[in-house]
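Biologist: Hey, got a minute to walk me through this one? I'd like to get my bearings before I set anything up.

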Amino acid sequence: MDQVFDVADLITAIEQARVNVAEGLRGAYGAKVAYAGLLNQKWASFDWFELQHNDSSDEGKAVRKEKEAFYEVLKGEQHSNPHKIWGDIRKYAKTDRYGKPVVEGAEGGEGEGGEQGSDNAKHNRSPQLRNLEELTALFKFNRRQESLSDELKQCQAYIAKALESLGVDIGMIGD
């Protein structure tokens with residue numbers, strides 16, 4: 001690694017290294033997107049990428065088993081942060097299943113209409129996706145409560161009906 005170059009060779013080596021990094025990143029991105037798509041096919045009946053790390057359902061156990069197998073491969077390659085790569089794959093899987101978030105009022109998509117950082121991600125969701133995510137979060141929250149008032153029990157039933165009308169199988173929603 002500590003090879004000594006003359007100036008012209010150094011510039012050439014830097015240019016080649018730059019290309020090698022870009023090609024490696026492109027290849028890594030494509031591999032992650034392809035892996036995410038295959039996992040979506042495997043688990044088409046539920047949003048595996050939304051499950052929490054401690055989900056004890058059968059689906060959660062299956063996803064955790066896959067994640068552990070993936071981590072083993074990365075650790076074998078001395079990857080320093082397998083959690084980051086798994087997070088990327090979950091993000092790509094969600095995009096693969098639901099598409100990129102819609103930016104309302106922007107014709108060209110990302111980059112237009114102001115900053116598009118992770119803080120704004122929830123504001124850039126399509127109405128369908130926003131309803132699915134927020135109703136699912138409410139449904140899970142209410143289900144975890146020790147007890148609910150009669151009003152909230154009725155509300156939970158309406159939330160379940162709303163999710164079902166959006167095509168969600170309530171029985172497949174994990175904690």
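Modeller: Sure. First a convention: helices here are DSSP runs of at least four residues, numbered from the N terminus. With that, Lys61 sits in helix α2, which covers residues 58–76. And keep in mind that this is a predicted model.

Biologist: OK, Lys61 then. Is it buried, exposed or partly exposed, and why?

Modeller: Lys61 has a relative accessible area of 46%. Exposed would need over 50% and buried under 20%, so Lys61 counts as partly exposed.

Biologist: And what does Lys61 touch, leaving aside its neighbours within four places in sequence?

Modeller: Asp55 and Ser56 are its contacts on that count.

Biologist: Zooming out, how many helices and strands are there?

Modeller: The protein chain has 5 helices and 0 strands, so to speak an α-α-α-α-α pattern when you read along the sequence. Of its 175 residues, 27% are buried.

Biologist: Which residues touch the most other members in the largest nonpolar core?

Modeller: That core has 17 residues, and the ones you're after are Leu39, Trp48, Val63, Phe70, Trp86 and Ile89. At least two residues each come from α1 (7–42), α2 and α3 (82–98). The largest share is from α3, with 5 residues.

Biologist: What does Ile89 touch, not counting residues up to four places away?

Modeller: Ile89 is in contact with Lys32, Tyr35, Ala36, Leu39, Trp48 and Phe70. There's also a second, separate core of 9 residues, with Leu132, Ile159, Ala160 and Leu163 among them.

Biologist: Back to the helices. At what angle do α2 and α3 pack?

Modeller: About 130°, and their axes are 10 Å apart. At that angle α2 is oblique to α3. The crossing of α2 past α3 is right-handed.

Biologist: Which residues make that contact?

Modeller: From α2 you have Val63, Glu66, Lys67, Phe70, Tyr71, Leu74 and Lys75, and from α3 there are Pro82, His83, Ile85, Trp86 and Ile89.

Biologist: Now confidence. What does the chain average in pLDDT?

Modeller: The average is 80, and 82% of the residues score at least 70.

Biologist: Where does pLDDT stay under 50?

Modeller: Over residues 104–122, where the model has 11 contacts beyond four places in sequence. Where pLDDT is low, the predicted coordinates should not be read in detail.

Biologist: Last one: of the contacts with a separation of 6 or more, what share is between residues 24 or more positions apart?

Modeller: For the protein chain, that share is 56%.

Key
Residues are numbered from 1 along each chain as its sequence is written. This is a predicted model: local features need pLDDT of at least 70, side-chain atom pairs count only at pLDDT 80 or more; totals for chains, interfaces and linings use all residues. Side-chain values use heavy atoms; hydrogens and water are left out. pLDDT is the predictor's confidence in each residue, from 0 to 100. Contact means heavy atoms within 4.5 Å. Buried means under 20% relative accessible area, exposed over 50%, partly exposed in between (1.4 Å probe, protein chains only). A nonpolar core is a set of buried Ala, Val, Leu, Ile, Met, Phe, Trp, Tyr and Cys residues joined through side-chain atoms within 4.5 Å. Axes are lines fitted to C-alpha atoms, for helices over the stretch in contact, and angles run from 0 to 180 degrees between N-to-C directions. Angles under 35 degrees count as roughly parallel, over 145 as roughly antiparallel, 65 to 115 as roughly perpendicular and the rest as oblique. A crossing is left-handed if the near helix is turned anticlockwise from the far one by less than a right angle, and right-handed if clockwise.
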